Every structure is written in structure tokens, then in C-alpha cells.
There are 2 protein chains.
Amino acid sequence: MNISLNKNGHIPLYFQIQEYFRKKIENNLLKPGTQLPTERELSNKLNVSRVTIRKAIRGLIAEGLCEKKVGKGIFVSDEKIPINVHKLEGTTNILQASADKIKTVVNEKKIIQAKKKYANLLNIDINDKIFYLKRIRYIKDIPVILEYAHLPSKLFPELEKYDFNQSLYKILKEKYNTYPDKSRGFFNLIMAKEEEAKLLNLQLNTPLLIKAATIYSQEGIPIEYTKSVYRTDQFNFLVNSKIIE
Amino acid sequence: MNISLNKNGHIPLYFQIQEYFRKKIENNLLKPGTQLPTERELSNKLNVSRVTIRKAIRGLIAEGLCEKKVGKGIFVSDEKIPINVHKLEGTTNILQASADKIKTVVNEKKIIQAKKKYANLLNIDINDKIFYLKRIRYIKDIPVILEYAHLPSKLFPELEKYDFNQSLYKILKEKYNTYPDKSRGFFNLIMAKEEEAKLLNLQLNTPLLIKAATIYSQEGIPIEYTKSVYRTDQFNFLVNSKIIE
DNA sequence: AAGTGGTCTAGACCACTGT
DNA sequence: CAGTGGTCTAGACCACTTT
């Protein structure tokens with residue numbers, strides 16, 4: 001490691017350090033899994049304070065190039081998994097195509113009152129019931145996606161009786177003869193709050209991608225409002241689009 | 001302002017402060033444009049160090065809830081503009097639909113050698129020429145999108161002669177009878193490097209959304225490789241999808 | 001017990017903004 | 001000029017992991 005820091009130029013020290021490692025990693029000179037020097041080692045070797053080192057590493061973490069493990073150290077991340085957020089197949093299918101050792105864990109499953117927000121989104125009455133499902137997707141036993149599903153109970157009676165470690169859409173198709181067809185929603189960047197940090201096993205304020213959408217059946221009826229939280233350090237988000245409307 | 005900080009609990013101080021302001025802003029109790037207390041004021045009032053205040057504000061900035069202006073202070077951001085990254089119309093049309101006072105500035109315009117990467121993406125020869133266009137999109141005189149376009153010169157001879165303060169796709173349609181039809185690519189989170197920070201007038205390491213895609217004509221020929229960098233604090237990214245493949 | 005990253009403090013100097 | 005955020009230092013203590 002031979003970083004030559006320019007302490008008098010206009011480029012911040014932390015940025016020079018960050019870029020040094022970023023280029024090393026992107027050029028595959030530091031391979032996935034490799035441990036970086038510890039914060040204190042870097043601080044000593046480069047003669048900068050630990051705060052400055054931490055600021056440099058923070059940028060690498062946010063881009064998903066590195067990850068920190070408390071008590072262990074800093075490591076170069078694995079390559080990202082391509083995931084097609086646009087395609088309307090269920091997450092189960094998407095993950096099966098590109099990742100191995102996937103697992104789905106049901107975190108919560110219950111019937112709730114619709115309330116105003118979800119009644120609007122699903123075009124149902126405020127007093128209607130909603131089937132609520134919170135699931136966590138794992139790849140190699142690492143939690144990577146958080147999924148919140150809301151479905152109108154009147155469309156899917158007794159939905160709560162099924163096992164949701166498998167595809168939700170598969171159940172909708174096989175048991176209710178309902179086929180997801182269109183989706184309308186948005187995505188954006190959020191920072192991990194307590195809930196996401198806990199369930200995805202991340203530090204607070206880790207950047208995440210959130211996608212929220214209403215799913216429509218072939219008849220144009222809203223059948224689901226879904227919110228998904230993706231770890232940006234794990235995925236490349238694919239988009240295939242076509243002029244259709 | 002009456003924040004009650006729990007200095008002994010397990011929730012970090014910076015996070016308590018961040019969440020206090022986040023809730024205030026999301027509940028519209030702090031309106032866009034409002035100035036927050038300065039870092040030093042907050043530090044004094046809350047009896048925490050300035051470093052801790054800065055860490056709290058950092059999370060709000062990353063989510064686009066606040067912005068900092070050096071020499072001025074910290075301000076609550078305006079609401080985000082919805083932008084459909086998926087739809088295949090040009091950025092010009094997208095922005096016209098939802099924002100006012102938009103402006104496009106050509107930053108670079110030249111013919112370059114294809115090289116391996118772009119030759120592959122556009123399915124042309126390494127020795128072919130490429131028309132390269134770098135543009136910056138403004139809303140209310142604020143730079144919000146950075147666009148890099150690469151088009152095969154042999155498909156669009158003399159393209160460099162046109163004025164690109166208007167829609168690129170309009171020129172392709174009107175002058176070359178070529179219609180963009182499909183797109184294939186990905187998006188992800190990046191942190192602002194020197195180039196993005198300079199051109200978008202942001203601090204280093206501001207989180208940004210990057211979208212890269214190859215655009216195909218109705219005949220299935222690659223006509224453009226495009227890379228766009230969006231300010232996440234300015235946009236909500238819309239997605240409309242349909243099962244088509 | 002030793003080492004890791006996570007949090008936090010109390011300072012300091014800089015470049016930029018407004019008056 | 002005074003005030004702002006941006007950068008940086010040299011410490012300290014904590015919870016967690018490994019030996």
C-alpha cells in the first residue's frame with residue numbers, strides 16, 4: 001500500500017484515500033473477501049486521524065464496495081447480483097434465476113383494518129380488511145430484501161391459511177385464479193431506520209433502495225400494494241422498457 | 001424546539017436528533033425553504049458536539065429532506081419531482097410534464113473513437129466513430145441531471161451539426177427517421193465523485209442515482225448508449241411496468 | 001484479554017457567503 | 001468583517017468478536 005497523500009491540495013484527504021481504494025477494488029486488485037487494514041492501522045500508516053479514515057471508508061460502504069464487521073474489520077464486498085425490479089414476476093423467481101441458496105422467512109402475517117392510505121391505494125373501503133404480510137428474503141443466509149405486502153381480504157378469503165415461504169403470486173394464481181398484470185409505483189433512496197437496520201442486519205443510515213407499487217390484475221383491479229426495501233450493496237437493478245403507453 | 005435526548009439509552013444521539021427533524025419535516029411542521037438552526041446553535045442547545053450534529057444532518061441530506069449551503073446554513077428541501085425513468089420518452093418531455101423553468105446545457109459535443117466498451121454496447125466496430133454528447137439538465141437554474149449519450153456516427157452522419165438544447169430524440173425522429181423503441185440497462189446508487197460534484201454543484205459523496213441503458217430502434221438496432229446521473233434529492237422515480245416478456 | 005468498529009467530545013483552521 | 005458549513009486532529013469509552 002503506497003498512497004501518496006497531497007496534504008496541501010484542494011482535494012480532501014478522506015477523498016484521496018477513498019478513491020485509492022475504490023480504484024483498487026474496481027480494477028480487481030483487491031478481490032472480494034479481502035480484508036482492508038483496520039481503521040487504526042490506516043490512521044497510523046497514513047498519518048491522518050481515525051475520523052478521516054472513517055469518512056473515507058463511509059463512501060466505499062455506501063457504494064457497496066466494502067462492508068464493515070464489528071469486531072472483525074473491513075472487507076471488500078462480493079459482486080452485485082442483477083435484479084430486475086421492473087419485471088412483474090415475483091421476487092422468488094427473480095432471485096432463483098441469479099442467486100443460489102435463497103430463503104424466504106415470514107416475519108409477520110395478519111389481517112388488519114384498511115385505514116385511509118391503503119384503502120385509497122387498493123381502491124377499497126376504509127372499513128375493509130387487509131391481509132398484511134411481512135417477509136425477509138435471504139441469499140446465503142444474509143438478509144437482502146424486506147417485503148411488505150397488502151392485499152384486499154375480500155378478494156382473497158382465507159389467504160392467511162397458506163404458507164408464504166413460497167411465492168405469493170403462485171398462490172394467487174393457483175388458488176384464486178388471479179394473475180398480476182400491471183404495476184404502478186415508484187422507487188427511491190432511503191436511509192436505514194431502526195426497523196430496516198434490525199431486520200437487514202445493517203447499521204443505521206445505510207443507504208437502501210425502496211420500491212413501492214400497486215399491482216393490478218388482468219381485469220385492471222388493484223390486487224396488491226407492495227413495498228420492498230433492497231440492499232444497494234447487494235444488487236444491480238436491471239431495467240427493460242418498451243414504449244407501450 | 002424541544003428535543004429530549006436520552007443520553008443513556010442504546011439509540012445513538014445523532015439518530016435521535018436526525019429522527020426528530022425527519023418527523024418534523026415529513027409531517028410538514030417544517031416547511032420547504034425553512035432554515036434549521038446552525039450546526040453550532042444545535043451543538044450548544046442540545047449539548048452535543050458539532051460532529052454529532054453533522055452526523056445527524058448527514059442522514060437527512062442523503063434522503064433529500066434537507067440541503068446545506070456553505071456560508072448560509074441548513075434548509076428544508078422542496079418536494080421531489082416525479083420522474084418516470086422507465087418510460088422511453090426523452091428527458092426533455094419528462095421534465096416538461098412536471099417541472100417548470102427547465103433548461104438544457106450542452107457541456108461537451110464531439111466525435112470520438114468507439115473503443116472496446118462502447119463498440120460492444122452499440123454492436124459496432126472498435127474503429128467506428130461515436131458521437132458523444134454530455135448535457136446538463138436544469139430546473140429553476142439548479143443542475144439536476146447529467147446525461148452522457150453515445151451514438152454510432154455511421155447511423156447518424158453529421159449529427160454534430162445540430163443544436164442539442166432541444167430533445168435528442170426529436171432530432172433522431174425528424175432528421176434521421178429513427179424511433180427509439182426499447183431499452184435495456186440498469187440503475188444503481190453511486191456517490192458523487194469530482195465530476196458529478198462539480199457539474200451538479202454538490203458536495204463530494206452525495207448519493208446519486210445512475211441509470212445506464214442501451215436504446216434500440218424499432219428494427220432492434222442499438223442506436224444509443226446512455227448514462228444518466230440523477231440527484232436523488234430532487235426526484236421520485238416512477239415505474240410503470242407490464243408483463244410483456 | 002486484546003482488537004475491532006461505533007459513538008462522542010472539544011477543540012482548530014479553511015473557504016465561502018453575506019453585510 | 002462575522003458567520004456558515006467543510007475538513008481535520010487527538011483523544012476517550014462502548015459493545016462486540018476472536019483468541
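Me: What makes residues in helix 1 of chain B count as buried, and which ones are they?
Reply: In this predicted model, the residues of helix 1 of chain B that are buried are Y14(B), F15(B), Q16(B), I17(B), Q18(B), E19(B), Y20(B), F21(B), R22(B) and I25(B), where buried stands for under 20% relative accessible area, exposed for over 50% and partly exposed for what lies in between, with a 1.4 Å probe and protein chains only. Helix 1 of chain B is therefore described as mostly covered, with 10 of its 14 residues buried. The cover includes helix 7 (194-199) of chain A, and from chain B helix 2 (39-46), helix 3 (50-62), strand 1 (66-69) and strand 2 (73-76), contact being heavy atoms within 4.5 Å.

Me: On what conventions do these statements rest?
Reply: Residues are numbered from 1 along each chain as its sequence is written, while chains are lettered from A and ligands numbered from 1 in the order in which they are written. For this predicted model, local features need pLDDT of at least 70 and side-chain atom pairs count only at pLDDT 80 or more, whereas totals for chains, interfaces and linings use all residues, and side-chain values use heavy atoms, with hydrogens and water left out.

Me: How do you know that the span of helix 1 of chain B agrees with its number of residues?
Reply: The helix covers residues 13-26 of chain B, helices being DSSP runs of H or I with at least four residues and strands runs of E with at least two, numbered from the N terminus. The expected span is 1.5 Å times one less than the number of residues, so the 14 residues should span 20 Å, and the end C-alpha atoms are indeed 20 Å apart. Just after this helix, N28(B) takes a positive phi of about 65°.

Me: Why is S167(B) called buried or exposed, and where is its place?
Reply: S167(B) sits in the loop between strand 6 (142-152) and helix 6 (168-176) of chain B, and because its relative accessibility is 11%, it counts as buried. A polar atom of its side chain lies 3.1 Å from the backbone nitrogen of K170(B), which meets the definition of a polar contact, a pair of N or O atoms within 3.5 Å (within protein, one must be able to donate a hydrogen and the other to accept it, and residues adjacent in sequence count only if both atoms are side-chain atoms).

Me: What makes a residue count as near DNA strand C, and which come nearest?
Reply: One of its heavy atoms must lie within 4 Å of the strand; of the 26 residues around DNA strand C, R54(A), L13(B), S49(B), T52(B) and K72(B) come nearest. Sugar and phosphate account for 68% of the atoms of this strand that come within 4 Å of the protein. Helix 3 of chain B gives the largest share of the surface, 4 residues.

Me: Which side chains have an N or O atom paired with a base nitrogen of DNA strand C?
Reply: The distance is 2.9 Å for R40(A) and 3.5 Å for R50(B). The side chain of K55(B) instead has an N or O atom 2.7 Å from a phosphate oxygen of DNA strand C.

Me: Which residues are closest to DNA strand D?
Reply: Among 26 surrounding residues, the closest are L13(A), S49(A), T52(A), K72(A) and R54(B). A polar side-chain atom of T52(A) lies 2.6 Å from a phosphate oxygen of DNA strand D, and an N or O atom in the side chain of R54(B) is 2.7 Å from a phosphate oxygen of that strand.
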